Amino acid sequence: MCAQLRLFSSPAAGPRGLRYQPEFITADEEEHLIGHIRALPLTPFQFGAFEGKRRVASFGWRYNYTRLKLEQAEDIPSWLASFATRIETFASLPRAEIKQVLCTEYETGVGIGWHRDKPEFDQVFGLSLASGCHFRFRRKAGEKWERFTLEAEPRSLYMMTGEVRHLWQHSIPPVETARYSITLRTMSTKS
């Protein structure tokens, strides 16, 4: 069963641990962020020997899919740090808890397949910029898949913690118009 989600006012409205806030940033802030992302030296996403169609830049930490480990990346720039602080406040996290940021550019027709974020990361936040997307979730339920779709609008923020973060996979089908996203992550305390 596929449902569309607006606001999570109750746990039954979507997968547990998923929180969504439309209009988290203003249109002016969105343009400011997109301008900064466009100015970055974005590179194709590397998944081991494979090259993805989306282009990315990492800050704080990056996962090296060839070496299968986290590596230090450039420091989180001030234009991102202020938004990270705002998200930490929104999520009731201590200051400077967000340690990793990934800026992504999706050209028309580009998406991302089913996956879970690496276990080295804990809470995951995403700002959707320029256009919306169908943010899909699934988890195995016996012989079938339980599914859910969040319509992530431009300027919105999603938050994944607990069950949705660790038990559900997520994906984005090919986008209909160019899109940018900023994914922010805290680090796992598990070794």
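These exercises work through ring pairs, a pocket and selected residues of a predicted model.

**Exercise 1. Classify the ring pair of Phe-45 and Tyr-65, and state which parts of the chain the pair ties together.**

Step 1. Start with the total: the structure holds 5 aromatic pairs.

Step 2. Take the distance. The ring centres of Phe-45 and Tyr-65 lie 5.4 Å apart. The cut-off for a pair is 6.5 Å, so these rings pair.

Step 3. Take the angle. The planes stand at 65°, so the pair is edge-to-face. That class needs an angle over 60 degrees.

Step 4. Place both residues. Phe-45 is in strand β3 (residues 43-47). Tyr-65 is in the loop between β5 (61-64) and β6 (69-72). The pair therefore ties together parts that are 20 residues apart in sequence.

**Exercise 2. Extend the pair to a cluster, and decide whether Phe-45 and Tyr-63 are buried or exposed.**

Step 1. Look at Tyr-63 and Tyr-65. Their ring centres are 4.9 Å apart and their planes are at 70°, so this pair is edge-to-face.

Step 2. Join the pairs. Phe-45, Tyr-63 and Tyr-65 are linked into a cluster by ring pairs.

Step 3. Check accessibility. Buried means under 20% relative accessible area. Phe-45 has 14% and counts as buried. Tyr-63 has 16% and counts as buried.

**Exercise 3. Find which arginines sit over the rings of Phe-90 and Phe-121.**

Step 1. For Phe-90, the partner is Arg-19. Arg-19 lies over the face of the ring, 3.8 Å from the ring centre.

Step 2. For Phe-121, the partner is Arg-185. The charged end of Arg-185 sits over the ring, at 5.0 Å from its centre.

**Exercise 4. Describe the largest pocket: its space, its lining and the residues closest to its centre.**

Step 1. Give the volume. The largest pocket holds about 970 Å³ of space.

Step 2. Go to the centre. The pocket is lined by 44 residues, and Phe-45, Arg-54, Val-56, Tyr-65 and Leu-102 are the closest to its centre. Phe-45 and Tyr-65 also belong to the ring cluster.

Step 3. Sort the lining by class. It has 20 nonpolar, 14 polar and 10 charged residues.

Step 4. Name the main contributor. Strand β4 (residues 50-59) gives the most to the lining, with 8 residues.

**Exercise 5. Two non-glycine residues, Glu-23 and Leu-68, have a positive phi; locate each and give its accessibility class.**

Step 1. Glu-23 has a phi of about 50°. Glu-23 is in the loop between β2 (18-21) and α1 (27-39). With 46% relative accessibility, Glu-23 counts as partly exposed.

Step 2. Leu-68 has a phi of about 55°. Leu-68 is in the loop between β5 and β6. With 58% relative accessibility, Leu-68 counts as exposed. The cut-off for exposed is over 50%.

**Exercise 6. Describe the surroundings of Ser-128 and Leu-157.**

Step 1. Place Ser-128. This residue lies in strand β9 (residues 121-129). Ser-128 is buried, at 1% relative accessible area.

Step 2. List contacts beyond four places in sequence. Those of Ser-128 include Glu-30, Glu-153, Arg-155 and Arg-179.

Step 3. Place Leu-157. This residue lies in strand β12 (residues 157-160). Leu-157 is buried, at 1% relative accessible area.

Step 4. Repeat the contact search. Leu-157 touches, among others, Arg-19, Phe-90 and Phe-125. Arg-19 and Phe-90 form the charge-over-ring arrangement of Exercise 3.

Step 5. Check the chain distance. Leu-157 and Phe-125 are 32 residues apart along the chain, and their C-alpha atoms are separated by 6.8 Å.

Notes. Residues numbered from 1 in each chain as written. Predicted model: local features only at pLDDT ≥ 70, side-chain atom pairs only at ≥ 80, totals over all residues. Heavy atoms only, no water. Phe/Tyr/Trp six-rings, centres within 6.5 Å; stacked < 30°, edge-to-face > 60°. Helix = DSSP H or I, 4+ residues; strand = E, 2+ residues; numbered from the N terminus. Buried < 20%, exposed > 50% of the residue type's maximum accessible area, 1.4 Å probe, protein only. Lys NZ or Arg CZ within 6 Å of the ring centre and 35° of its normal. 1 Å grid on protein atoms, 1.4 Å probe; cavity = no way out; pocket = protein on both sides within 12 Å on 5 of 7 lines; lining within 4 Å. Points joined across faces, edges and corners; volume = space filled by probe spheres on them. Nonpolar A, V, L, I, M, F, W, Y, C, P; charged D, E, K, R; others polar. Contact = heavy atoms within 4.5 Å.
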